[in-house]
Every structure is written in C-alpha cells, then in structure tokens.
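Reader: I've got a protein model open and I don't know where to begin. Could you walk me through reading it?

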Amino acid sequence: MSLITISKSLGSGGEEIASKVAKALNLDLYDDIKLQQAAIDMGIPAEDAKHLDEKAPGLFDRLMSRKPETYLDLMESVVYDVAHKGRGVIVGHGSQMLLRDFGCAFHIYIHATGSSRIQYIMEKKGLNREGAEQLVQKSDHQQRGFFRFAFRMDWGDPSLYDLIVNTKKLGIEAAVKLIVNTAESDQIQACSLTAVEAMERLSQKKRVEAAVHANDINPFLININVPEKGVVHLSGAAHSQDERDLLVDVIGQVSGISEVRNEVGVMPSGV
C-alpha cells in the first residue's frame, strides 16, 4: 500500500496536498501531466492523451465528432492501468468513482469553504478577486458536468469518499499529516493480487471499448468482456457480417490483446 485517490475543489490546496502526501509515502504522483504520459506509454496517441481531462463534452465537441465516449473510455483505461500497480496517488479523473469497489483504494476529498478558495487562488496565481472567483466557478461547473456526463453522479457525494478534509479548518500541513497517518494505519489494506488483476483487465476492456467507439461501431447489442488478461470475449449481435468482421479486426489491433473469442451473431436483414 498505498493506493490513494485525491479529489479536490479548485483553491482547496488539493494539488499541494497530493504532492506532499506522495512524497511523504514515497509514492508516484499521478496528476494531469503524469496521467497523460502514462496514457502515451500505454500506446495511446499523444493527440488523444491530451484530451484526457475532466471536462464534459460541450456542444462543439459533439458537432466536431470528437467522440467524447472514446476519450472517456481512454481516461478510464489509464486510471485502471495506473491503479493495477497497487501503489500511487491519483489526482482526480474520476478515480474515486472508478475504484470505489476496490477496498484497497483510499479515497479522499479535499475542499475548503467560504472565501478561502478565492484567497488561495489569488495568492497562487496572482489574480485579482474577480478573476479568481470566475476561475473557481468555472472549475466547479466543469467538475460537476464531467461527473454527470461520465457517471450520472454528483462529484461531491460523500459516499464516494473515505475521508473528507476541510483545509480552511485544518490547513495544508495538518491535512497532509492526517492523510499520511491514516494511509499508514493497519485499517488501510494493501491491494490483493485479485484486485490488481481485476484492475488490469478493466483497463484492457476500456481500451477495447474506446477502439470500438473510435471506429464508429455501435456497441449497443454487443457484450465485451475480458475474462483474463489479453483475452476478449464477444457476444451479442452485429448488424452485418462486415460489422462483425470489423469488430474483430479492430479489437485484435488493441495493444495487449492476444486473443478475441468471437460469439457475435449477425442480425437477419430487415431487423
């Protein structure tokens, strides 16, 4: 251990806390830059990796056919791939939701109340009060939008977290100490081999789903499962033989996939 997810509101000091916690526990810190690099290391093109953020797809994204579902699948695959190492501090990117069923992950939400967020942004970014307020409002709007789009949930739902820290009350250093001490306690369990393998398979499944979306294949009637590492099992129905063949070909080209077990049927014409 430790596998820690840190979600934060802008101006709460969450980035600073995550960095200090990672350093104190000798863990890798997976922030925006490190997660994008992890995506590239997995074989995801750099042009795609730079879009792995927490912004809900806007109108222009949809009109320009940016395939937001593809980017969401890629983002999730990166989080699972990082998490399967069983160690690290993952900042944001829906990690608290994606890893909620893994008891070995320690989920933390860093927030602050009142005007302290505005003051923090003014000091860190050199903005005036109006500019800081606008930045905080924009960030909150984007985070809420992302979570609604990705998970149909409120990103501030307390059930997603094991520990909620108010930095206006505690301050940065006390928050770091609290998190480190809790992460080192006997109650926080290390990730089992079973959990690690499950996260690895989830990462591969998300990469497969991203490839399917990117190639304009409608997966509505197709079930995609990864029963073991590198193996994809397909079932359901395709609209045509060409779609069935394309599906197998696309999945077979996904990095790390060595076998495609295809049980997809073809729907009768006119259905």
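**Helices, sheets and how they pack**

Author: Sure, let's begin with a spot where two helices touch. R117, I118, Q119, I121, M122 and K125 in α7 meet R129, A132, E133, L135, V136 and D140 in α8. By class, this contact of α7 with α8 has 6 nonpolar, 1 polar and 5 charged residues. One thing to keep in mind: this is a predicted model.

Reader: Okay! At what angle do α7 and α8 pack?

Author: Helix α7 covers residues 116-125 and helix α8 covers residues 129-151; they pack at about 115°, and their axes are 9 Å apart. That angle makes α7 roughly perpendicular to α8. As for handedness, α7 passes α8 in a right-handed crossing.

Reader: Let me try another pair. How do α11 and α12 pack?

Author: Helix α11 (residues 193-214) and helix α12 (residues 241-252) pack at an angle of about 130°, with 9 Å between their axes. That makes α11 oblique to α12. The crossing of α11 past α12 is right-handed.

Reader: And which residues of α11 and α12 meet?

Author: On the α11 side you'll find V208, A211 and V212, and they meet L247, V250 and I251 of α12. Sort the residues of that contact by class and you get 6 nonpolar, no polar and no charged.

Reader: Now the arrows. What holds the strands of a sheet to each other?

Author: Strands of a sheet pair through backbone hydrogen bonds, either parallel or antiparallel. In this model, 5 strands make an open sheet with parallel pairing, in the order β2-β3-β1-β4-β5.

Reader: Which strands stand at the edges of that sheet?

Author: Those are β2 (29-30) and β5 (163-166); each has a single partner strand, so one side of each has no neighbour in the sheet. For β2, the pairing is with strand β3 (residues 88-91): 2 bridges join them, and they run parallel. If you want a residue to click on, L29 has V89 in β3 as its bridge partner.

Reader: Which helices pack against this sheet?

Author: One of them is helix α1 (residues 14-24), which touches β1 (3-8), β2, β3 and β4 (105-111). The direction of α1 makes about 165° with that of β1. Then there's helix α10 (residues 172-183), lying across β1, β4 and β5 and running at about 170° to β4.

Reader: I can see some more arrows elsewhere. What order do β6, β7 and β8 take?

Author: They form an open sheet of 3 strands in the order β6-β7-β8, with mixed pairing. Its edge strands are β6 (222-228) and β8 (259-266), and each pairs on one side only. From one strand to the next, the twist averages 10°.

Reader: How do β6 and β7 run, parallel or antiparallel?

Author: Antiparallel: 5 bridges join β6 to strand β7 (residues 231-238). Look for I224, which stands opposite L234 in β7.

Reader: Where do α11 and α12 lie on these strands?

Author: Helix α11 lies across β6 and β7, running at about 150° to β6. Helix α12 lies across β6, β7 and β8, at about 165° to β8.

Reader: Last one, zooming out. How many helices and strands are there in the protein?

Author: There are 12 helices and 8 strands. The radius of gyration is 20 Å, close to the 18 Å that the globule rule gives for 271 residues, so the protein is as compact as a globular protein of that length. Along the principal axes, its C-alpha atoms fill a box of roughly 65 × 45 × 30 Å.

Key. Residues numbered from 1 in each chain as written. Predicted model: local features only at pLDDT ≥ 70, side-chain atom pairs only at ≥ 80, totals over all residues. Heavy atoms only, no water. Axes fitted to C-alpha atoms, helices over the stretch in contact; angles between N-to-C directions. Helix = DSSP H or I, 4+ residues; strand = E, 2+ residues; numbered from the N terminus. Parallel < 35°, antiparallel > 145°, perpendicular 65-115°, else oblique. Left-handed = near helix turned anticlockwise from the far one by under 90°. Contact = heavy atoms within 4.5 Å. Nonpolar A, V, L, I, M, F, W, Y, C, P; charged D, E, K, R; others polar. Pairing = 2+ DSSP bridges. Rg over C-alpha atoms; globule rule 2.2 N^0.38 Å.
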